[in-house]
Amino acid sequence: MATFRPDVLLTQREAAGLSCEQLAMLAGISPETVRRAEKGKSKPSARVTKALADALGRRVEELAPPAAQLTLKQLRQHAGGTQKDVAGRIGVSTQMVSRVENGVYGVKDPDRWASAYGVSKAKWMKAWTAGREDRRQRIRAQPKKSGGGTT
């Protein structure tokens, strides 16, 4: 998660009166994972961030504040969800969720998708647009391939 705040994790753990080992036990992760996250040596996955937040009795947003404009993938990760979770709520495959999150496909029922992500339709549409634009920028940044044709 790009916006994970190691300093906030450390402060919240200490305020709770927990050692790294105790927090790790409550979160179901290793003490080394907690130490690396607190020192900023690694960015914990969405699942680990949610587990840490839950163990501390905090919201995920406190440990990983959202960026100005999140993509669908980031929106899902900040909520601590997986593509499988979203796919199950909508009744589609995880591959479809991946393609929608990457801006490859649009959807016919954005209200249903927004509900699965736990946000308003407007917020979902902004996140989908941000993901699509991110994909476009990555495509533009790729080196151009030579045509390979004969003249």
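In the predicted model, Val34 is in contact with Leu9, Arg13, Cys20, Leu23, Ala24, Ile29 and Leu52, when residues up to four places away in sequence are not counted. Val34 is also one of the members of the largest nonpolar core, a set of 18 residues, that touch the most other members, a group completed by Leu9, Leu23, Ile29, Leu52 and Leu63. Two or more residues are given to this core by each of helix H1 (6-15), H2, helix H3 (31-38), helix H4 (46-56) and helix H5 (60-63), and the largest share, five residues, is contributed by H4. Separate from this core is a second one of 16 residues, among them Val86, Trp113, Ala114 and Trp124. In soluble globular proteins, nonpolar side chains tend to be buried together.

Thr71 lies outside the helices, in the loop that runs between H5 and H6. Its relative accessibility is 13%, and because this value falls under the 20% cut-off, Thr71 counts as buried. When neighbours within four places in sequence are left aside, the contacts of Thr71 are with Ala127, Ala130 and Gly131.

As to the confidence of the prediction, the protein chain has a mean pLDDT of 89, with 93% of its residues at 70 or more. Confidence is highest in helix H2 (residues 20-27), where the mean is 97, and lowest in helix H6 (residues 72-78), where the mean is 87. Where pLDDT is low, the predicted coordinates should not be read in detail.

How values were computed
Residues are numbered from 1 along each chain as its sequence is written. This is a predicted model: local features need pLDDT of at least 70, side-chain atom pairs count only at pLDDT 80 or more; totals for chains, interfaces and linings use all residues. Side-chain values use heavy atoms; hydrogens and water are left out. pLDDT is the predictor's confidence in each residue, from 0 to 100. Helices (H or I, at least four residues) and strands (E, at least two) are DSSP runs, numbered from the N terminus. A nonpolar core is a set of buried Ala, Val, Leu, Ile, Met, Phe, Trp, Tyr and Cys residues joined through side-chain atoms within 4.5 Å. Buried means under 20% relative accessible area, exposed over 50%, partly exposed in between (1.4 Å probe, protein chains only). Contact means heavy atoms within 4.5 Å.
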